[in-house]
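Ready for a walk through this model in your viewer? Keep the selection box handy, and we will go stop by stop.

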Amino acid sequence: MIPPMKQKTNIKLKARPQGRTTKSAPKDSAYKTLPLDQILMGDCIELMNSLPEKSVDVIFADPPYNMQLKGDLHRPDNSHVDAVNDKWDQFSSFEVYDKFSRDWLVAARRVLKDNGTLWVIGSYHNIYRVGSILQDIGYWVLNDIIWRKTNPMPNFRGTRFTNAHETLLWCNKGEGFNKYTFNYEAMKAFNDDVQMRSDWLLPICSGGERLKVNGHKGHSTQKPEALLYRVLLSSTNKGDVVLDPFFGSGTTGAVAKKLGRHYIGLEREEKYISLASDRIKQIEPLGDDAIEITPAKRSLPRVAFGTLIENGMIKPGTILYGPSKRHVAKVRADGTLISADSKGSIHQVGAQLQGAPSCNGWTFWNIEVNDNLVSIDNLRAEVRALMN
Ligand SMILES: C[S@@+](CC[C@H](N)C(=O)[O-])C[C@H]1O[C@@H](n2cnc3c(N)ncnc32)[C@H](O)[C@@H]1O
């Protein structure tokens, strides 16, 4: 069990395992317990190697993109474009960048729980290289999410298409590690009851959300909180631990705190650590009631249709009705249904009657109670409530 959320933001400056200057992993973990809700200063590879193995639920990584921007960029009116030309984004060659990517991805896999997932965001500059390396290491890509920007920066020179999206790779630890969290039902509810797709339309971080220092951007690549909101809502549960090895201005920490998740931030630059910590201090966590989400069906106990017969909620011989009573079938003692010309499970008969390849019998069939149709899914929910 993870201890209850600490409200205080705790920053560990110079938290590097003592006396270590090499990039090799320390033999013993420097942190016996997790440094929850803290920002550790140092190189993320060394720091991840100092954390206990298989200890975090989700990793969100926004690494340097290696954008290779050359020279200053100006708008047609000659004003200067605030582009990403930070030292931390510069690598001398693809080879050096690939080695760095491999090293942090290996370190991340070690600290990730077996049922955990990794998110990596990138652009065309780096995402193909990172994607190939992470597959080589053993990660399995569950989705590539396209974050389409409503307000991208134009291509000022008019030499290419406007670069209007970034890509998020969402991965588990390998093909066999399938018990990861995906709050499918919550994301569908969030999306007006329509299954959420892998293309997300969201604005870039601007206006009041953009952190400023002396009138300038506090961090050149601050991500929008709305993006992290979807990431954390979909792939974590209350109290989970989210590690961000490239913490920057602390967007992951801010959203994690809001949603009642724990964060661990790793960052090399002190100025970003103080920016992030000031930001996170001001975040009010949402209340326990507010962060409750529609539970994922995968996490609910399985209930067979026969259980409803066994405990007397539905008697053999009962007539089940499809939507608007267009289809009918009779329940048999073994939990199968029989209709005029088909028999089988609630799913099979539902599919056959509609001429459909498949059918979710739980949401298709109803019983009649006082002239009203009541979904058998409601009866299943009653059984589940008794099981908890
Ligand atoms: C793309 S930015 C992350 C921005 C962040 N997602 C946000 O919303 O503000 C990458 C960050 O990683 C940091 N960084 C780069 N290399 C690092 C390393 N080896 N260890 C720790 N931090 C590193 C940089 O200082 C930079 O702040």
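## First stop: α6 and α7

Select T251, G253, A254 and K257 in α6, then add R279, I280 and K281 in α7: these are the residues through which the two helices touch. By class, this α6 and α7 contact holds two nonpolar, two polar and three charged residues. One thing to keep in mind as you look around is that the model is a predicted one.

Now show both helices in full, residues 251-258 for α6 and residues 270-281 for α7; their axes come within 9 Å and cross at roughly 20 degrees. An angle under 35 degrees counts as roughly parallel, and α6 and α7 are therefore roughly parallel to each other. The crossing of this pair is right-handed.

## Second stop: α5 against α6

Keep α6 on screen and add helix α5, residues 225-235. The axes of α5 and α6 come within 9 Å and cross at roughly 55 degrees. That angle makes α5 oblique to α6. Here too the label is right-handed, for the crossing of α5 with α6. To see the contact itself, pick E225, L228, Y229 and L232 on the α5 side, and T251, T252, A254, V255, A256 and K258 on the α6 side. Colour them by class and you should find six nonpolar, two polar and two charged residues in the contact of α5 with α6.

## Third stop: T252

Stay in helix α6 and centre on T252. Is T252 buried or exposed? Its relative accessibility is 1%, so T252 counts as buried. Which residues does T252 touch, leaving aside those up to four places away in sequence? Show F60, L228, L232, V242, D244 and F247 to see them.

## Fourth stop: α2 and α3

Next, select residues 94-111 for helix α2 and residues 127-137 for helix α3. These two pack at an angle of about 45 degrees, and their axes are 10 Å apart. The pair α2 and α3 is therefore oblique, and α2 passes α3 in a right-handed crossing. From α2, the contact takes in F94, Y97, D98, S101, R102, L105, V106 and R109, and from α3 it takes in R129, V130, I133, L134, D136 and I137. Sorted by class, the contact of α2 with α3 has eight nonpolar, one polar and five charged residues.

## Fifth stop: α10 and its surroundings

Move on to helix α10, residues 346-354, and highlight I346, V349, G350 and A351, which are buried. What do the buried residues of α10 pack against? Their partners are α9 (305-310), β13 (328-331), β14 (337-338), β15 (343-344), α11 (361-364) and α12 (376-387). Then step just past the end of α10 to G355, where phi is positive at about 65 degrees.

## Sixth stop: two loops with positive phi

Most residues other than glycine have a negative phi. With that in mind, select N214, which is not a glycine yet has a positive phi of about 50 degrees. You will find N214 in the loop between β8 (212-213) and β9 (216-217). Its relative accessibility is 73%, so N214 counts as exposed.

Now jump to S324, in the loop between β12 (319-321) and β13. S324 is not a glycine either, and its phi is positive at about 55 degrees. With 59% relative accessibility, S324 counts as exposed.

## Seventh stop: G42 and a distant partner

Select G42, in the loop between β2 (38-41) and α1 (44-49). At 4% relative accessibility, G42 is counted as buried. Draw a distance from its C-alpha atom to that of E269: the two residues are 227 apart along the chain, and the C-alpha atoms are separated by 7.7 Å.

## Eighth stop: the cysteines

How many disulfides does the structure hold? The count is zero. Two cysteines to look at are C171, buried at 0% relative accessibility, and C205, buried with a relative accessible area of 4%.

## Last stop: zoom out

Clear the selections and show the whole protein, with its 12 helices and 17 strands. Of its 388 residues, 46% are buried. Among contacts with a separation of 6 or more, 69% join residues 24 or more positions apart.

Technical notes. Residues are numbered from 1 along each chain as its sequence is written. This is a predicted model: local features need pLDDT of at least 70, side-chain atom pairs count only at pLDDT 80 or more; totals for chains, interfaces and linings use all residues. Side-chain values use heavy atoms; hydrogens and water are left out. Axes are lines fitted to C-alpha atoms, for helices over the stretch in contact, and angles run from 0 to 180 degrees between N-to-C directions. Helices (H or I, at least four residues) and strands (E, at least two) are DSSP runs, numbered from the N terminus. Angles under 35 degrees count as roughly parallel, over 145 as roughly antiparallel, 65 to 115 as roughly perpendicular and the rest as oblique. A crossing is left-handed if the near helix is turned anticlockwise from the far one by less than a right angle, and right-handed if clockwise. Contact means heavy atoms within 4.5 Å. Ala, Val, Leu, Ile, Met, Phe, Trp, Tyr, Cys and Pro count as nonpolar, Asp, Glu, Lys and Arg as charged, and the others, Gly among them, as polar. A disulfide is a pair of cysteine sulfur atoms within 2.5 Å. Buried means under 20% relative accessible area, exposed over 50%, partly exposed in between (1.4 Å probe, protein chains only).
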